[in-house]
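Me: Please take a close look at how helices pack against each other in this model. After that, go through a few single residues, and explain each term as you use it.

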Amino acid sequence: MKKIVLTGGGTAGHVTPNIALLPSLKNAGYEIAYVGSYDGIEKKLISDFGIPYTGISTGKFRRYLDIKNLTDPFRVIKGFSEAKKYLRAYQPDVVFSKGGFVSVPVVRAAASLGIPCIIHESDMTPGLANKLCIPVASKVCCNFPETLNNLPEGKAVLTGSPIRSELTQGNKLAGLDLCGFTSNKPVIMVIGGSLGAANVNKAVREALPRLLEDFQVVHLCGKGKVDNLLLTTPSYKQFEYIKAELKDLFAMADVVISRAGANAICELLALKKPNILIPLPAASSRGDQLLNAQSFESQGFSIVINEDDLTTNLLVDRVHELYFNRQNYIDTMSKSGQMDSISTIMNLIEEVASN
């Protein structure tokens with residue numbers, strides 16, 4: 001039996017693409033194991049799938065002054081030693097990494113043992129963790145055509161990001177029933193309730209009186225961010241978080257308003273959902289969402305509104321523009337070369353594992 005080790009963690013975005021690969025890996029006959037941090041979010045997310053999990057020590061690589069900069073290098077060295085010991089015993093045919101700081105000791109340890117590694121970079125420009133892994137990787141998968149210019153020739157492959165197959169299997173009527181909506185009025189889905197989305201929530205709520213004239217709105221607003229004053233507003237439904245029913249909400253949505261995290265927008269692309277992206281400003285991030293959004297806009301997949309320009313009038317105007325031109329966006333997304341990411345990545349895994 002072929003063996004693969006998956007790694008990646010720190011945020012859900014470094015884990016969910018690995019989860020999306022699980023059914024195809026199992027169908028291809030792989031024995032699967034996961035290496036993450038001792039108690040990171042990846043451990044909790046993977047526990048639902050019955051995959052053997054091994055925790056290692058990890059540290060963060062910071063570009064700013066912090067007392068932990070003195071101790072974290074020793075944690076990384078310890079993690080490298082733990083990963084190497086585990087990999088030598090398990091002897092996988094290939095390692096697939098979705099990034100995050102925990103992946104660095106795993107990928108570097110695998111390379112030191114001659115185990116081939118495939119890594120995936122979600123954002124337009126590689127983050128620091130992946131920059132440390134690229135030199136020893138066999139292949140580097142990416143989401144954006146522009147990223148190919150930032151990666152070594154011969155290693156870079158435009159794959160898009162794997163998304164969970166269940167997201168494509170939603171039921172529109174189930175979504176309408178969950179929200180108490182009618183089938184006679186189009187639906188806007190608002191995603192962006194995680195950290196840093198307070199301004200998106202505020203802008204959408206301020207625009208509600210005008211949006212609800214023509215649309216119904218389902219709002220994933222984030223934990224603790226439900227507005228109790230709007231609980232009885234007709235045609236407006238708020239959720240702090242949604243899990244199993246997310247596929248039904250996607251099936252129901254005619255257009256989507258979202259932040260521009262790489263995995264989130266790749267889901268919109270795979271589901272061919274016309275969208276407005278409101279990326280995190282550079283002051284609140286390393287600027288990756290701005291670059292992600294610019295790429296999707298230039299490819300004809302999205303309308304972009306910069307947060308600094310966000311007003312009620314602009315948001316309402318852009319929503320109407322998007323809705324009335326939605327078929328153009330759907331047609332453009334349907335022609336994208338980033339649609340069949342799981343098959344593309346599986347072919348790379350098979351190729352690298354065989355070699």
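Reply: The answer below starts with two helix pairs and then turns to cysteines and other single residues.

This is a predicted model, in which local features need pLDDT of at least 70 and side-chain atom pairs count only at pLDDT 80 or more, while totals for chains, interfaces and linings use all residues. Residues are numbered from 1 along each chain as its sequence is written, and side-chain values use heavy atoms, with hydrogens and water left out.

Two packed helices are described by the angle between their axes and the distance between the axes. Here an axis is a line fitted to C-alpha atoms, for helices over the stretch in contact, and the angle runs from 0 to 180 degrees between N-to-C directions. Helices (H or I, at least four residues) and strands (E, at least two) are DSSP runs, numbered from the N terminus.

Take helix α7 (residues 198–211) and helix α11 (residues 312–324): their axes are 9 Å apart, and the packing angle is about 60°. That makes α7 oblique to α11. Angles under 35 degrees count as roughly parallel, over 145 as roughly antiparallel, 65 to 115 as roughly perpendicular, and the rest as oblique. The crossing of α7 and α11 is right-handed, a word used when the near helix is turned clockwise from the far one by less than a right angle; anticlockwise would be left-handed. On the α7 side, the contact (heavy atoms within 4.5 Å) is made by A203, V204, E206, A207, R210 and L211. On the α11 side are T312, N313, L315, V316, D317 and V319. Sorted by type, the contact residues are seven nonpolar, two polar and three charged. Nonpolar covers Ala, Val, Leu, Ile, Met, Phe, Trp, Tyr, Cys and Pro; charged covers Asp, Glu, Lys and Arg; the others, Gly among them, are polar.

In the second pair, helix α1 (residues 16–27) and helix α13 (residues 341–354), the axes come within 10 Å and cross at roughly 60°. α1 and α13 are therefore oblique to each other, and their crossing is right-handed. A20, L21, S24 and L25 of α1 meet I342, I345, M346 and I349 of α13. The contact of α1 with α13 has seven nonpolar residues, one polar and no charged.

Next come the cysteines. A disulfide is a covalent bond between the sulfur atoms of two cysteines. With the rule that the two sulfur atoms lie within 2.5 Å, the count is zero disulfides. For C117, the closest cysteine sulfur is in C133, 7.9 Å away and too far for a bond. C142 is in no disulfide either, as the nearest cysteine sulfur, in C141, is 7.7 Å away. C142 is buried at 0% relative accessible area; buried means under 20%, exposed over 50%, and partly exposed in between (1.4 Å probe, protein chains only). C117 is also buried, at 1%.

Two residues with charged side chains are buried as well. K155 lies in the loop between β6 (139–142) and β7 (156–158) and has 17% relative accessibility, so K155 counts as buried. E267, in helix α9 (residues 262–271), is buried at 14%. Not counting residues up to four places away in sequence, E267 touches I163, R164, L167 and F250.

Last is the backbone angle phi. Most residues other than glycine have a negative phi. S235, not a glycine, has a positive phi of about 70°, and K272 has one near 55°.
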